[in-house]
Amino acid sequence: MKNPALVLPDAMKGIQNIYKAMYQGGVSPQILELVHLRASQINGCSACVFAGVEGAKKHGETDERLHAVAAWREAPFFTDEERAALDLTEAATRIADRSGKAVPDEIWDAAADHFNKEQLSAIILMIGLTNFFNRINTTIEEPAGASW
């Protein structure tokens with residue numbers, strides 16, 4: 001099946017507007033791409049992992065760091081700001097894996113120490129949109145490298 005966001009003509013317009021706003025939220029594109037890549041890795045979306053690596057490289061990301069995103073906690077390549085965004089990404093993506101709060105206070109507080117409300121909004125929107133596309137792409141079995 002063709003991607004549902006392309007089947008319904010007005011869907012992509014709304015998605016594009018969210019992306020535009022997200023990239024104007026004051027977060028570096030590199031962090032947004034790391035967030036996208038990590039959520040896609042967690043969800044096993046090969047199409048989005050592939051797109052995430054390509055997008056990150058376009059924003060100057062290195063192979064060394066991209067290879068380490070799945071093990072970001074152990075890797076020495078990430079700043080405290082990036083770690084806070086990646087931790088928030090994991091918590092918000094794995095909401096079914098815990099009881100209680102979806103995002104524990106210590107994770108939220110660490111993110112809030114590094115990002116203002118506009119920046120947090122951009123990161124949260126990236127997490128949400130990535131999870132949205134991960135679910136679409138895994139449902140329709142979109143292959144890695146597919147072009148729309």
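Where is alanine 71 placed? I started my notebook with that one, and the loop between helix 5 (63–68) and helix 6 (80–93) is where I found alanine 71. I should say right away that I'm working with a predicted model.

**Entry: alanine 71.** I looked up the accessibility of alanine 71 next, and the relative accessible area is 34%. Buried would need under 20% and exposed over 50%, so alanine 71 goes down as partly exposed. I also checked a distance from this loop residue to arginine 38. The two are 33 residues apart along the chain, and their C-alpha atoms are separated by 9.7 Å.

**Entry: the whole chain.** I stepped back and went through the secondary structure. I got 8 helices and 0 strands, so to speak an α-α-α-α-α-α-α-α pattern when read along the sequence. For the size, I compared the chain with the globule rule: 148 residues should give a radius of gyration near 15 Å if the globule is compact, and the chain has 15 Å, so the two agree. Along the principal axes, the C-alpha atoms fill a box of roughly 40 × 30 × 30 Å.

**Entry: burial, contacts and surface.** I noted that 40% of the 148 residues count as buried. Then I took the contacts between residues at least 6 apart in sequence, and 64% of them join residues at least 24 apart. The accessible surface came out at about 7900 Å², with 55% of that belonging to carbon and sulfur atoms.

**Entry: charges.** I have 14 positive and 20 negative side chains in the chain. The centres of these two sets lie 5 Å apart.

**Entry: the annotated domain.** I checked UniProt, where an unreviewed entry places the feature "domain: Carboxymuconolactone decarboxylase-like" at residues 9–90. Over that stretch I get 73% helix and 0% strand. The end C-alpha atoms of residues 9–90 are 31 Å apart.

**Entry: methionine 22.** Is methionine 22 buried or exposed? Its relative accessible area is 0%, so I wrote it down as buried. Methionine 22 lies in helix 2 (residues 9–23). Leaving out neighbours within four places in sequence, I list Leu32, Ala122, Leu125, Met126 and Leu129 as the contacts of methionine 22. I also took the C-alpha to C-alpha distance from methionine 22 to glycine 44, which is 23 Å for 22 residues of sequence separation.

**Entry: helix 8.** I looked up two residues here, beginning with glutamine 119, which lies in helix 8 (residues 117–140). Which residues does glutamine 119 contact, leaving aside its neighbours within four places in sequence? I found Gly25, Gly26, Val27 and His114. With 16% relative accessibility, glutamine 119 counts as buried, because the cut-off is under 20%.

Serine 121 is in helix 8 too. At 38% relative accessibility, serine 121 counts as partly exposed. I took its C-alpha to C-alpha distance to methionine 1 as well: 32 Å, with the two positions 120 residues apart in sequence numbering.

**Entry: glutamate 141.** My last stop was the segment after helix 8, where glutamate 141 lies. What is the phi of glutamate 141? It is positive, about 55 degrees, although glutamate 141 is not a glycine. The relative accessible area of glutamate 141 is 65%, so this residue goes into my notes as exposed.

Technical notes. Residues are numbered from 1 along each chain as its sequence is written. This is a predicted model: local features need pLDDT of at least 70, side-chain atom pairs count only at pLDDT 80 or more; totals for chains, interfaces and linings use all residues. Side-chain values use heavy atoms; hydrogens and water are left out. Helices (H or I, at least four residues) and strands (E, at least two) are DSSP runs, numbered from the N terminus. The radius of gyration is taken over C-alpha atoms; the globule rule is 2.2 Å times the number of residues to the power 0.38. Buried means under 20% relative accessible area, exposed over 50%, partly exposed in between (1.4 Å probe, protein chains only). Contact means heavy atoms within 4.5 Å. Accessible areas come from the Shrake-Rupley method with a 1.4 Å probe; for residues, only the protein chains shown count as cover. Lys and Arg count as positive and Asp and Glu as negative; His and the chain ends are not counted. The place of a charge is taken as NZ of Lys, CZ of Arg, CG of Asp or CD of Glu. UniProt positions are given in the numbering used here, feature names are shortened, and annotations may be inferred rather than shown by experiment.
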